[in-house]
Amino acid sequence: MPAPAEITYASRNYEAFAADLTDAAMLQTHNQVYAMTRAVLHAFRDRLAVADAIAFAQGLPAVLRAIYVEGWSGGDAPVSFGGAEAFRADLWRP
């Protein structure tokens, strides 16, 4: 049985995403791309109920899905979405 295309091309798909983000956000390094991606995905994930977070994860490509669920236990209560400022402030937490 061949590996699914999603797995076979996971790195290539992530590199294409990273190149797009590098251009759109005027980033300079892979570390910046990873840090920005992780911060946004984690801040968004933490504001969803577990079922909604899992449903969202199912729509992500393999590498982005892995970043999204990294370190997640799913046991914490969702954070309030609040406004744009609250979301931005959450992006700076470790």
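**Close-up views of a six-helix chain**

**Figure 1. Helices H2 and H5 are roughly perpendicular to each other**. In this predicted model, H2 covers residues 10-25, and its partner H5 covers residues 62-69. The two helices pack at an angle of about 75°, and their axes are 7 Å apart. Angles from 65 to 115 degrees count as roughly perpendicular, so this pair earns that description. To find the meeting place, look for Ala10, Tyr14 and Phe17 on H2. Facing them from H5 are Ala62, Val63, Leu64 and Ile67. What classes of residue make up this contact? Seven are nonpolar, with no polar and no charged residues.

**Figure 2. Helix H3 crosses H5 at an oblique angle**. Here H5 appears again, now with H3, which runs through residues 30-45. The axes of H3 and H5 come within 8 Å and cross at roughly 60°. That angle makes H3 oblique to H5, and the crossing is right-handed. On the H3 side, the contact is built from Tyr34, Thr37, Arg38, Leu41, His42 and Arg45. On the H5 side, it is built from Leu64, Ile67, Tyr68 and Val69. Sorted by class, this contact has six nonpolar, two polar and two charged residues. You can spot Leu64 and Ile67 of H5 in the contact with H3, and you will also find Leu64 and Ile67 in the contact with H2.

**Figure 3. The largest pocket has a volume of about 190 Å³**. Which residues line this pocket? They are Leu27, Gln32, Ala35, Met36, Ala39, Arg88, Leu91 and Trp92. Helix H3 gives the largest share of this lining, with four residues. By class, the lining has six nonpolar residues, one polar residue and one charged residue.

**Figure 4. The second largest pocket has a volume of about 160 Å³**. How many residues line this pocket? There are 14, and nearest its centre lie Asp46, Trp72, Gly74, Asp76 and Ala77. The full lining divides into seven nonpolar, four polar and three charged residues.

**Figure 5. The whole chain contains six helices and zero strands**. After the close-ups, step back to see how the parts fit along the sequence. Reading along the chain gives the pattern α-α-α-α-α-α. Along its principal axes, the C-alpha trace spans about 40 × 35 × 20 Å. Within this chain you can now look again for H2 and H5, packed at about 75°, and for H3 and H5, crossing at roughly 60°.

Notes: Residues numbered from 1 in each chain as written. Predicted model: local features only at pLDDT ≥ 70, side-chain atom pairs only at ≥ 80, totals over all residues. Heavy atoms only, no water. 1 Å grid on protein atoms, 1.4 Å probe; cavity = no way out; pocket = protein on both sides within 12 Å on 5 of 7 lines; lining within 4 Å. Points joined across faces, edges and corners; volume = space filled by probe spheres on them. Nonpolar A, V, L, I, M, F, W, Y, C, P; charged D, E, K, R; others polar. Axes fitted to C-alpha atoms, helices over the stretch in contact; angles between N-to-C directions. Parallel < 35°, antiparallel > 145°, perpendicular 65-115°, else oblique. Left-handed = near helix turned anticlockwise from the far one by under 90°. Contact = heavy atoms within 4.5 Å.
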